[in-house]
Amino acid sequence: MPRIKKKHPHSKLAMPRGFYLKRGIWYKRILKPDSKTGTWGLRPESTGCPEADRQQAMNYVVRREEELGRSRSAGTIVDPRQVTMGELFEDLLQSIPHEPTRRNYASVINAHLRPFFGPKLAVQITVKDCQEYRSHRRLFGIKDTTINRDLSKVSKAFKLAIGLGKLHRTPAGGCDFHKRPERENTRRVRLPDRYYSTFRDALHPALRCLFILGYNTGRRLSDLLRLTWDRVDFEEGCLYFEATKFGSGKAPFVGEMEEALRQQKAGRDSSFPGCPFVFFWFGYRIDKDGQQIRRFDGMWALAVSVLANEMKARREEPLDLHFHDLRRSAHFQMRKAGVDSQTRRDIMGHETTSMDDRYTMIDDEALKVARLKMNQFQRSAGLTSGLEDVRVEDLKAEIRRLEALVAKANDPRESPH
């Protein structure tokens, strides 16, 4: 009796030419660059699919050939499947011409992003990896706003890699940005106008000019502490900060800035002519006087306590004022003065319009101004009955009557004999 040959259970799905099995896994020779030389050629690659998963193996090869075809068309010699996140971070750092920005990026990447993402292949990163990074950072009490900034560097690294032809897509599902916490965690603190002189005078004299510039320009503390006298132009009346990709970094003298800067320079010229920095210690400690100011936490805290006592005396809730809060104060001042948003961004060194929006604070003072303006408009438009004005005048008349009675009672000539 002739032997009947059993059909393979998957023989109905014939594999295209070029596929072959090796230890139960489907392989195929694919046109791709050599990992060492970069030369293109047909090289074997595992699909990672066992013999039973024939369709998955074919789908894998289709995706790979499409991916490698785009790389070859772009003229690159990099296989996207070999690019690690560590390589993307290196490319990102090399692409930043501004040294302070590059240092900032490097500190975040080396401390947090590289240890978490570095060894992984870029093409394998998905939104799940970004979500796991967020969970990991939250374990250390890090807020979502800071984590968003970390993940924005991951996103920028991917976009740069796409521009270089090393990759052809961003992480599947995105980078897990949380916009709601960005708004919820934004500090709403600024120094009220009426406490400006109180806080200024409570500071150590070496810090007062720094405070005045921070309050009026809204520049970051790091920008101000690096400021040198060659960037102060008294003739033009402006400061020149280090140029960034966001703008020229020019800020005009406003308020007390010029007077404070001239006093600062006179003190520098007479006592420490060799100090190039605008902000230096004086009247502090012998071993510190004449040196660049770097930290002043304790002295700032003393001024904050003076401010808190003053606010408590007026039955107001005290503020835990940070130096960074002066950025909101400066933004509020410029907005009230009618300075347009583009000019505000240039002066403060903001990157985008969204940052300008975040610093737009609607507080009690702004609401009071809005109320007065709306009342005035509605009265002029005949939308109110005028009863409010009558009520106010009646109250004023009653106050005058009571004041007259008190004055009469306190007059010794009116005392009974």
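**Figure 1. Helices α3 and α5 are roughly perpendicular to each other in this predicted model.** The two axes cross at roughly 85 degrees and come within 10 Å; an angle of 65 to 115 degrees counts as roughly perpendicular. On the α3 side, the contact is made by Asn 104, Tyr 105, Val 108, Leu 113 and Phe 117. Their counterparts in α5 are Asp 150, Leu 151, Lys 153, Val 154 and Lys 156. Sorted by class, the contact of α3 with α5 comprises six nonpolar, one polar and three charged residues.

**Figure 2. Helices α2 and α3 pack at an angle of about 175 degrees.** Helix α2 covers residues 85-94 and helix α3 covers residues 99-117, and their axes lie 11 Å apart. This geometry makes α2 roughly antiparallel to α3, since angles over 145 degrees are classed in that way. From α2, the residues in the contact are Met 85, Gly 86, Phe 89, Glu 90, Leu 92 and Leu 93. They meet Arg 102, Tyr 105, Ala 106, Ile 109, Leu 113, Arg 114 and Phe 117 of α3. By class, nine nonpolar, one polar and three charged residues take part in the contact of α2 with α3. Tyr 105, Leu 113 and Phe 117 of α3 meet residues of α2 and also meet residues of α5.

**Figure 3. Helix α2 is largely enclosed by the rest of the structure, because seven of its 10 residues are buried.** The buried residues are Met 85, Gly 86, Leu 88, Phe 89, Asp 91, Leu 92 and Leu 93. Packing of these buried residues is against α3 and against α5, the latter spanning residues 144-164. Met 85, Gly 86, Phe 89, Leu 92 and Leu 93 are buried and also belong to the contact with α3. For the protein as a whole, 37% of the 417 residues count as buried.

**Figure 4. Helix α8 is mostly covered, with 11 of its 13 residues buried.** The helix runs over residues 205-217 and reaches 19 Å from its first C-alpha to its last. This span is close to the 18 Å expected at 1.5 Å a residue. Among the buried residues of α8 are Ala 206, Leu 207, Cys 209, Leu 210, Phe 211, Ile 212 and Leu 213. Gly 214, Tyr 215, Asn 216 and Thr 217 of α8 are buried as well. Gly 218 follows the helix and has a positive phi, near 70 degrees.

**Figure 5. Strands β1, β2 and β3 form an open sheet in the order β1-β2-β3, with antiparallel pairing.** Strands β1 (19-22) and β3 (40-50) are the edge strands, and each pairs on one side only. On average, neighbouring strands of this sheet are turned by 45 degrees against each other, direction ignored. Strand β2, residues 25-33, pairs with β3 in the antiparallel sense over eight bridges. Two positions illustrate the register of this pair: Arg 29 has Pro 44 as its bridge partner in β3, and Ile 30 stands opposite Arg 43 in β3.

**Figure 6. Two hairpins connect the strands of the β1-β2-β3 sheet.** Strands β1 and β2 run antiparallel and are joined by four bridges. Lys 22 has Ile 25 in β2 as its bridge partner. The hairpin of β1 and β2 has two residues between the strands, and Arg 23 in the turn has a positive phi of about 55 degrees. In the hairpin of β2 and β3, six residues lie between the strands. Gly 38 in that hairpin takes a positive phi near 80 degrees.

**Figure 7. A second view of strand pairing shows an open sheet of three strands in the order β4-β5-β6.** The pairing in this sheet is antiparallel. Strands β4 (232-233) and β6 (250-252) stand at the edges with a single partner strand each, so one side of each has no neighbour in the sheet. Strand β5, residues 238-240, runs antiparallel to β6 and is joined to it by three bridges. Tyr 240 stands opposite Lys 250 in β6.

**Figure 8. The overall model provides the setting for the close-up views, with 16 helices and six strands.** Among contacts with a separation of 6 or more, 59% are between residues 24 or more positions apart.

Notes
Residues are numbered from 1 along each chain as its sequence is written. This is a predicted model: local features need pLDDT of at least 70, side-chain atom pairs count only at pLDDT 80 or more; totals for chains, interfaces and linings use all residues. Side-chain values use heavy atoms; hydrogens and water are left out. Axes are lines fitted to C-alpha atoms, for helices over the stretch in contact, and angles run from 0 to 180 degrees between N-to-C directions. Angles under 35 degrees count as roughly parallel, over 145 as roughly antiparallel, 65 to 115 as roughly perpendicular and the rest as oblique. Contact means heavy atoms within 4.5 Å. Ala, Val, Leu, Ile, Met, Phe, Trp, Tyr, Cys and Pro count as nonpolar, Asp, Glu, Lys and Arg as charged, and the others, Gly among them, as polar. The expected span of a helix is 1.5 Å times one less than its number of residues. Buried means under 20% relative accessible area, exposed over 50%, partly exposed in between (1.4 Å probe, protein chains only). Two strands pair if DSSP finds at least two bridges between them.
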